[in-house]
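Trainee: I should like to learn how to read individual features of a structure. May we work through one example together?

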Amino acid sequence: MNWPNISSRAGKMMMPNNARSLLFHIIYTPNTVRTLLPFVETLLRWSDCAYCLVSNGCDDEEMSLLRTRCAGEPRLRWRSLPWPRKVEHGQALNFLFAASNEPSFCFMDSDILATGDFMAELLPAMSGAAGLFSAWPITIKAEERMLSDACSFIGGRHSHTADGRCLGGSYFAIYERAALACALAQAPDGFNRGYWAQLPRRMRQFLRKIGQERRFYDTGRVLNLFLQQQGGALRVHDCAALLHLGSYSIYAGSAQRTVPRWRRLAQAVLRRVRNQLNGQTYRDAVLHQVAQDPVQRSVDQRRARLAGYFARLAAALAAGEDLPEPVELQDAELDDNVKRATAILAMAQSQRQEAEKLP
């Protein structure tokens with residue numbers, strides 16, 4: 001990946017002072033566009049920002065939906081990633097950074113919706129920051145976001161280390177472009193996930209030096225550590241006006257097209273050979289170990305439950321049927337989050353239906 005040559009001292013960062021100058025990239029994966037595209041309406045309603053709707057492996061029908069929604073809306077644009085199939089989030093972000101030139105590089109997950117003027121809350125927090133992060137999923141408890149010294153990986157849920165070091169996030173991010181480009185010069189893998197045994201020696205030395213030797217680094221985490229080492233300030237600001245379901249897109253995107261059994265078997269054999277050659281077998285083993293972590297296993301299990309619930313809720317709302325009873329997780333913090341999300345989704349659907357009735 002050839003990164004733009006932008007020269008700037010990472011310690012002197014100028015963030016935009018108004019939301020109109022921000023362009024957020026929203027990446028859609030297969031089978032998610034129809035259900036998640038309406039969330040964009042809330043973002044347009046509650047901000048002056050612009051949005052680029054990005055297809056990551058979506059089929060022709062879904063790309064048509066994206067193009068149609070962007071037509072005639074000056075704050076919306078769309079683009080398709082250049083690969084025929086879905087790629088990892090980090091690879092998509094690397095491409096989008098190289099393909100854009102705005103002073104700030106911004107992105108958010110496709111299952112985030114706004115309930116109020118979120119930029120009014122975030123703009124003050126952006127001052128002097130190289131990166132600002134928000135919108136952790138409602139499936140993650142506050143205590144689960146802290147990375148303990150004993151944890152062998154930096155996962156998507158982690159926002160800070162035990163001693164207060166900010167790790168950033170990959171759900172909702174606003175980066176100062178010049179500072180990010182400086183970090184990319186030292187971490188050319190960019191937003192890609194990091195696996196210890198496959199990191200360059202120089203990178204492993206750096207991570208050992210700062211006490212962050214881990215088996216696995218989720219999207220953008222190695223990059224964020226380099227960014228801070230160069231003097232860039234990173235901040236996490238939990239914004240009450242942003243609601244991130246955090247499981248909806250995973251469930252919606254899990255639908256599989258019917259493939260003949262012989263083809264599945266042939267593909268499996270080829271995949272095993274390919275994975276041995278390109279190191280994916282090692283990466284899969286690391287991810288399996290990560291999934292066995294007790295806290296991560298708990299997060300994944302509740303996410304699966306909530307994914308099914310929100311899918312049933314979406315279907316009931318679309319059909320005008322009675323809503324399913326909210327999932328009870330026997331946790332006050334999480335149950336409150338689910339009830340709030342249910343009420344917001346129901347209200348958003350009602351507003352859409354009312355708007356459709358207008359002449």
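Trainee: Where is Arg75 found?

Mentor: One begins by placing a residue among the helices and strands. In this predicted model, Arg75 lies in the loop between helix H3 (60-70) and strand E3 (76-80).

Trainee: Is Arg75 buried, partly exposed or exposed?

Mentor: Relative accessibility is judged against cut-offs: under 20% is buried and over 50% is exposed. Arg75 has 22% relative accessibility, so Arg75 counts as partly exposed.

Trainee: Which residues does Arg75 touch, not counting residues up to four places away in sequence?

Mentor: Contacts of this kind show what the chain brings together. Arg75 touches Leu44, Ser47, Asp48, Cys49, Ala50 and Tyr51. Leu44 is 31 residues apart from Arg75 along the chain, and their C-alpha atoms are separated by 8.0 Å. The side chain of Arg75 also reaches the backbone oxygen of Ser47, at 2.6 Å.

Trainee: How should I read a sheet, and in what order do the strands of the open sheet stand?

Mentor: One follows the pairing from strand to strand. Here 3 strands form an open sheet with mixed pairing, in the order E8-E12-E11. Strands E8 (153-154) and E11 (194-195) are the edge strands, each pairing on one side only. E8 and strand E12 (residues 216-217) run parallel and are joined by 2 bridges; Phe153 stands opposite Phe216 in E12.

Trainee: What is the mean pLDDT of the protein chain?

Mentor: Confidence should be read for the chain and then by stretch. The mean pLDDT is 87, and 85% of the residues reach 70 or more. Over residues 1-14, however, the pLDDT is below 50, although this stretch has 34 contacts in the model beyond near neighbours in sequence.

Terms used
Residues are numbered from 1 along each chain as its sequence is written. This is a predicted model: local features need pLDDT of at least 70, side-chain atom pairs count only at pLDDT 80 or more; totals for chains, interfaces and linings use all residues. Side-chain values use heavy atoms; hydrogens and water are left out. pLDDT is the predictor's confidence in each residue, from 0 to 100. Contact means heavy atoms within 4.5 Å. Two strands pair if DSSP finds at least two bridges between them. Helices (H or I, at least four residues) and strands (E, at least two) are DSSP runs, numbered from the N terminus. Buried means under 20% relative accessible area, exposed over 50%, partly exposed in between (1.4 Å probe, protein chains only). A polar contact is a pair of N or O atoms within 3.5 Å; within protein, one must be able to donate a hydrogen and the other to accept it, and residues adjacent in sequence count only if both atoms are side-chain atoms.
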